[in-house]
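Visitor: I've never seen this structure before. Please take me on a close look at the start of the chain, and show me how it ties in with the rest.

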Amino acid sequence: MILIGLDGSPSSGVRFTSSKPEWAGGPTGPKMTGRIVPRRGVWIEELEAELARRGLPPLPATGWALDMGRFDEAGSRRDLEQFLTVATPLSDRVDDDSAGP
C-alpha cells in the first residue's frame, strides 16, 4: 500500500502544504492562498500519527503538485513512475503476463 497525496493542499499535502496564520483552523473564503511550505498537510499528519499509534509502519508516500498553482503533468508523471518503481518491491509487482486470464 502507498499514499499519493495532493501537494500544496493544507490537508492532504505529502511533501508540501500551504499555510497561513490567519486561517486559524482552515482556509475559507475567496482568498484561500497561503504560503507553500515543505511539510505534511493536517490530514496526512493525522493519518501517520494514527498508523504509529497502532504500531503500523509509515506508508511510502508522495504527492502530486496539483494544488500548488503550477502543475507540470509530464514531470509529475515521471516523478510518480520513479516513486512507484522505488516504493513497490519486485515481489509485490504484478506482471501482465503472470496475472492470468
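Guide: Helices (H or I, at least four residues) and strands (E, at least two) are DSSP runs, numbered from the N terminus. By that naming, isoleucine 2 lies in the segment before β1, and that's where we'll begin. A word on the model: it is predicted, so local features need pLDDT of at least 70 and side-chain atom pairs count only at pLDDT 80 or more, while totals for chains, interfaces and linings use all residues. Residues are numbered from 1 along each chain as its sequence is written, and side-chain values use heavy atoms, with hydrogens and water left out.

Back to isoleucine 2. Is isoleucine 2 buried or exposed? Neither, quite: isoleucine 2 counts as partly exposed because its relative accessibility is 30% (buried is under 20% relative accessible area, exposed over 50%, partly exposed in between, with a 1.4 Å probe and protein chains only). Setting aside neighbours within four places in sequence, isoleucine 2 is in contact with Pro60, Phe83, Leu84 and Ala87 (contact means heavy atoms within 4.5 Å). Take alanine 87: along the sequence, isoleucine 2 and alanine 87 are 85 residues apart, yet their C-alpha atoms sit 7.6 Å apart in space. Long reaches also show up across the chain, where 50% of the contacts between residues at least 6 apart in sequence join residues at least 24 apart.

Step along to strand β1, which covers residues 3–6. Its side chains alternate: Leu3 and Gly5 point to one face and are buried, while Ile4 and Leu6 point to the other face and are not buried. For the chain's 101 residues, the buried share is 25%.

What does β1 sit beside? Strand β4, residues 61–64, runs parallel to β1, and 4 bridges join the two (strands pair if DSSP finds at least two bridges between them). One of the partners to look for in β4 is threonine 62, which is bridged to isoleucine 4.

Threonine 62 has another role in the picture, as it helps line the largest cavity, along with Arg15, Gly63, Trp64, Ser76, Asp79 and Leu80. Two elements, β4 and α2 (73–87), each give two or more residues to that lining. The space inside is about 30 Å³, and a search of the whole structure finds 1 cavity of 30 Å³ or more. Here a cavity is a set of points on a 1 Å grid over the protein atoms alone where a 1.4 Å probe fits but cannot get out, and lining residues have an atom within 4 Å of a point; points are joined across faces, edges and corners, and the volume is what probe spheres set on them fill.

Now zoom out. The chain holds 2 helices and 4 strands, in the order β-β-β-α-β-α along the sequence. In strand β3, residues 35–37, you'll find isoleucine 36. Isoleucine 36 counts as partly exposed because its relative accessible area is 32%. Leaving out residues up to four places away, isoleucine 36 touches Gly8, Phe16, Thr17, Ser18 and Met68. Lysine 20 lies 16 residues from isoleucine 36 in sequence and 9.0 Å from it in space, C-alpha to C-alpha.

Key. On a 1 Å grid over the protein atoms alone, a cavity is a set of points where a 1.4 Å probe fits but cannot get out, and a pocket is an open set with protein on both sides within 12 Å along at least five of seven lines; lining residues have an atom within 4 Å of a point.
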